[in-house]
Every structure is written in structure tokens, then in C-alpha cells.
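Please look over the protein model shown here. The questions below can be checked against it.

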Amino acid sequence: MSLLLLLVTVLNGPPATAGSHAPPAADPDVIREWNTIATDTIGTNLGATRPSGQVIIWHGFVSAAVYNAVVGIQGDYAPYKWQVRGPSTASPEAAAAAAAHRVLVTYFPASQAPLDAAYAESLARIPASSAKTQGVAFGERAAEHLIDLREGDGRGAPVQFTAQPAPGVWRPTPPSYQPFIDPWLGRLRPMMLAAPAQFRPGAPPALSSARYARDVNEVRTMGGEDRVAPHRVPDRDRPVLRGQSGRADPGGASGLHGSAPPGYR
């Protein structure tokens, strides 16, 4: 979302200074439009599944390509892992649409027909000109650079969870006992961090420690079945009671049937 806001800022752009050659006027709606298209495309292709971090990954790819396409033309910000600049006379709108379309079609070929239709609509709103042609060409370049940059990044790699069941070790939880979803995300080459584990917290406290006992007791106190727990403020009653009413999966969501208290899953 922050990158989307930055892109809208870029498209609005600062006023041209005296003597500068301002690029063609750009409408930030193209960014919002293709953000919505990306959301719909990603959701359609992932299908009905448990919440997955994949959504953020695909959005990140689209946003990075669009960002490079726009700032590469307008020149107000540093591109993302790219040193190329496009023609200052190119259309940022055409570049943004071309970049988003190319990334989405590459990763979600099953959606090519609706993506091509949306792309044609976007381009139809931009008057035919050399600026439009230049923008499309540069947007394609930005997308191809992002696609090449993410080649071999670990997406979909087989990651097996081999730890044997034991106190303190994660295990599938009722009622469905589903395995990890997309475990490869934990080893995916990050877009911004130096490594996946760069900012991970340390190990959880030992099961025999006073801190672990304190945390477990807090979970029991705050998440107990009593409709009015003595130490639970009203704001904390609502999510607990929603879970007990069947509108949530308290076991699967909180880890109470698993191995660790909140904060250590």
C-alpha cells in the first residue's frame, strides 16, 4: 500500500521548474485501476484458500515494475534495483499500464484474456502519440527487468516440515489438521531485506521457564470460556465470544490446540 501511495504521488508529481522539460501530464487513476486489476487477478488465480502471504508477493512484483516504469520517466525518485531511465517525453500512464499488464500476464497466463481486455481499455484512454508508444515500450522494459530480477527466487520450492511432534513443536491443529500453507515463503528471496531471517525474533522461552508459564496463564485468563472473565476488559470479550459462537476458529487461529502461546507461533 505504501508503494501505491508513492506511485500516486509520483504521478501527481511536483510542478515543473523554470527551464525544465515536464513529461506529459499523468493521471494517477491508472495506478489505482491496475492495483484493483491485480487484486482481482491474484484472488482469482489463488482461488478459495486459507490466507496466504502469496498475495503480498504478487502485489509487490506488480508494484515494483509499475514504480520503475513511472519514476524511470519522471525521474523524481530512485528506481528499484534498476539504473535505467526512460524518455522524459514518454507517457507515464502508458508505461504504468504496460508494466502491470506484462507482470500479471507473465505470472498468471490463465487470466490473459481479461488482462488483455483491461489493458486495451487503459491504452484507449491515452491519445495516440509518440509519448504513448514510448511509454508502452518503457513499461514493458520495466516489467521484463522485474521478472528477470525475480528469477530463481525460491517461489514454490519444496519445503518439508520434518520436526517430530513434541512439546513446543508446531503441529497441525483441529478441526481440519491442515499442514503449513506455502512454507516456501519463509525462504523466498526478499525484495528489500538482505535475507529472510534478517529481522526474525529470537527463539521462544523454554517450556520450563517462568516466562512461558506466565504467558500460558495469560492466554487461559484472557481467552477463557467464561462470558465475563474477571481480568478481561470488554474490548477483549468480543473476539473471544465471537470465536466461541462459531464465527471464527479459535483453535486454529490462536494456537491453543497447538504448541505455543500467542507471540511464539
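The questions and answers that follow concern helices, a buried histidine and a loop.

Q: On what kind of model do the answers rest, and how are residues numbered?
A: This is a predicted model, in which local features need pLDDT of at least 70, side-chain atom pairs count only at pLDDT 80 or more, and totals for chains, interfaces and linings use all residues. Side-chain values use heavy atoms, without hydrogens or water, and residues are numbered from 1 along each chain as its sequence is written.

Q: What span does helix α2 reach from its first C-alpha to its last?
A: Helices are DSSP runs of H or I with at least four residues, numbered from the N terminus. Helix α2 covers residues 29-46, which is 18 residues. The expected span (1.5 Å times one less than the number of residues) is 26 Å for α2, and the helix comes close to that, reaching 26 Å.

Q: Where around the axis of α2 do its buried residues lie?
A: Buried means under 20% relative accessible area, exposed over 50%, and partly exposed in between, with a 1.4 Å probe and protein chains only. In α2 the buried residues are Val-30, Ile-31, Trp-34, Ile-37, Ala-38, Thr-41 and Ile-42. Because they cover an arc of only 130° (taken from the directions from the helix axis to the C-beta atoms), they lie on the same side of α2.

Q: How are α2 and α3 oriented to each other?
A: The axes, lines fitted to C-alpha atoms over the stretch in contact, are compared by angles from 0 to 180 degrees between N-to-C directions. Those of α2 and α3 (residues 54-74) come within 10 Å and cross at roughly 150°. Angles over 145 degrees count as roughly antiparallel, so α2 and α3 are roughly antiparallel.

Q: Which residues outside its close sequence neighbourhood does His-101 contact?
A: His-101 lies in helix α4 (residues 92-107) and counts as buried because its relative accessibility is 5%. Contact means heavy atoms within 4.5 Å. Leaving aside neighbours within four places in sequence, the contacts of His-101 are Trp-34, Leu-115, Asp-116 and Tyr-119.

Q: Which two residues does a cis peptide bond join?
A: One of the two, Pro-175, is found in the loop between α6 (130-149) and α7 (210-222). Omega of the bond is about 10°, and the residues joined are Pro-174 and Pro-175.

Q: Is Tyr-177 buried or exposed?
A: Tyr-177 is placed in the loop between α6 and α7. Its phi is positive, near 50°, in a residue other than glycine. With a relative accessible area of 52%, Tyr-177 is exposed.

Note on methods: Parallel < 35°, antiparallel > 145°, perpendicular 65-115°, else oblique.
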